[in-house]
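Work through the exercises below with the structure open beside you. Try each task before reading its solution.

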Amino acid sequence: MQLECIECGSKFKINERFYTCPKCGGLLEVEFEPSELKRKLNRKRLRAEPPSVWKYHTFMPILDESKIVSLGEGGTPLYRCDRLAREVGVQELYVKFEGGNPTGSFKDRGMTVGVTKALELGARTVACASTGNTSASLAAYAAKAGLGCVVLLPRGKVALGKLAQTLVYGARTIAIKGNFDQALALVRKICEERKDIYLLNSLNPFRLQGQKSIGFEIADQLGWKVPDRVVVPMGNCANIWAIYKGFIEFDAVGLTRGIPVMMGIQAEGAKPIVDAIKGGLDKFKPVKKPETIATAIRIGNPVNGPKAIRAIRRSKGTAEAVSDKEIIKAQKLMARLEGIGVEPASASTIAGLKKLVRGGAIKRDECVVCVATGHILKDPEEAIRVSEHPREVPAKYR
Ligand SMILES: *Cc1c(COP(=O)(O)O)cnc(C)c1O
Ligand SMILES: [Zn+2]
């Protein structure tokens, strides 16, 4: 395995501490040799063990497995949703419930690998900018590893549950008077100057390797089959690429056959990738003031945009934008038809699916998996705001 620049193809050793290509500034990716993977793979154990991130350790870029920092991430439910399927108009619909992770979002899958890598590289402190879930997850894994943790958050813009987690796990928390994109630019500068601080934003190519396991688990839980489509919310755009990459690697070693069509969903107030895909462009134009109720995807300048565009194009997928109103409606549908509680960013997938089925882009006889990225308790204020208030009555029977 080695690091490879997705733009210029330069190759680097796996234990280099680059976040982007030192030659051209492009995004990096960990590439495995399929023959090497095939040789190491224990197919019998793979079929017998229940899903979890480290079940797929052969596909993880870790050299010293004694250093693994784990809170039991992955192995989340893949719910078959027949009532919701009827509502949106597809035959077979599954929701991959990432709220089931240790800190309530899929970010834990990346952090278990990223923080393990930080230990391998000898870092003492880890850092990130975050809309909330990345910081909650990093803070927890840093605590488990005994590492210092610094997080930069957009002031006043972080959902309550995520902020509570970040603070209680003990991260040094800095509120930036600006948005997420500005916070990320700042933390990148800090980590360039301070070599003792290791950056664990989604630019970090190792973190994304852990997130591939969403793709692995979907195939595993469907009985080693690949769905027709996978629908993913896009913020900084790492996850859609990581999931796509998971399917590519399973196909390359012959565990499954084929790649699902990747569908990326953004909010109307923050949809640079949707515009690029629909406009047939290779480069996207950042959105200056991103706005949406779905704070996890309130991102105007997604650093992994080039990877998302590749994942969508190569899998012959598309991207769609949804309004906050559609997101709220979908959030309630998921809760009330299936008992699945998700934060708004996750509900954007069901809202997007509904739109794409109505528009004819997705056929009714397809098998679709929506990735519900985060738990409803992440943003309790939003959940209460959009719901009917409880009726108040005196405390007597008649
Ligand atoms: C991080 C996050 C996203 C966006 O994922 P990207 O990899 O940044 O595109 C979506 N939903 C939730 C709940 C998240 O925490
Ligand atoms: Zn390069």
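The exercises go from the whole chain to single residues of this predicted model.

**Exercise 1. Overall form**

Task: Count the helices and strands of the chain, then compare its radius of gyration with the globule rule.

Solution:
- Step 1. The chain has 15 helices and 13 strands.
- Step 2. Its radius of gyration is 20 Å, and the globule rule gives 21 Å for 398 residues.
- Step 3. The two values are close, so the chain is as compact as a globular protein of that length.
- Step 4. Along the principal axes, the C-alpha atoms fill a box of roughly 70 × 45 × 45 Å.

**Exercise 2. Inside and surface**

Task: Find what share of the residues is buried, and describe the contacts and the exposed area.

Solution:
- Step 1. Of the 398 residues, 59% are buried.
- Step 2. Take the contacts with a separation of 6 or more: 73% of them join residues 24 or more positions apart.
- Step 3. The chain exposes about 16,800 Å². Carbon and sulfur atoms supply 51% of that area.
- Step 4. Now the charges: there are 63 positive and 42 negative ones, and their mean positions are 1 Å apart.

**Exercise 3. One side of a helix**

Task: List the buried residues of α6. Then say where they lie around the axis and what they pack against.

Solution:
- Step 1. Helix α6 spans residues 160-168, and its buried residues are Gly161, Lys162, Gln165 and Thr166.
- Step 2. These residues cover an arc of only 130° around the axis, so they sit on the same side of α6.
- Step 3. They pack against two helices, α5 (133-145) and α15 (380-385), and against the strands β7 (148-154) and β8 (172-176).
- Step 4. Look just past the helix: Gly170 follows α6 and has a positive phi, near 90°.

**Exercise 4. Positive phi without glycine**

Task: Locate Trp224 and Lys316. Is Trp224 buried or exposed? Is Lys316 buried or exposed?

Solution:
- Step 1. Trp224 is not a glycine, yet its phi is positive, near 60°.
- Step 2. Trp224 lies in the loop between α9 (213-221) and β10 (229-233).
- Step 3. Buried means under 20% relative accessible area. Trp224 has 14%, so it counts as buried.
- Step 4. Lys316 also has a positive phi near 60°, and Lys316 is not a glycine either.
- Step 5. The loop between α12 (305-314) and β12 (318-322) holds Lys316.
- Step 6. Exposed means over 50%. Lys316 reaches 72%, so it is exposed.

Key: Residues numbered from 1 in each chain as written. Chains lettered and ligands numbered in written order. Predicted model: local features only at pLDDT ≥ 70, side-chain atom pairs only at ≥ 80, totals over all residues. Heavy atoms only, no water. Helix = DSSP H or I, 4+ residues; strand = E, 2+ residues; numbered from the N terminus. Rg over C-alpha atoms; globule rule 2.2 N^0.38 Å. Buried < 20%, exposed > 50% of the residue type's maximum accessible area, 1.4 Å probe, protein only. Contact = heavy atoms within 4.5 Å. Areas by Shrake-Rupley, 256 points an atom, 1.4 Å probe, with all protein chains shown as cover. Lys, Arg positive; Asp, Glu negative; His and termini not counted. Charge placed at Lys NZ, Arg CZ, Asp CG, Glu CD. Arc of directions from axis to C-beta.
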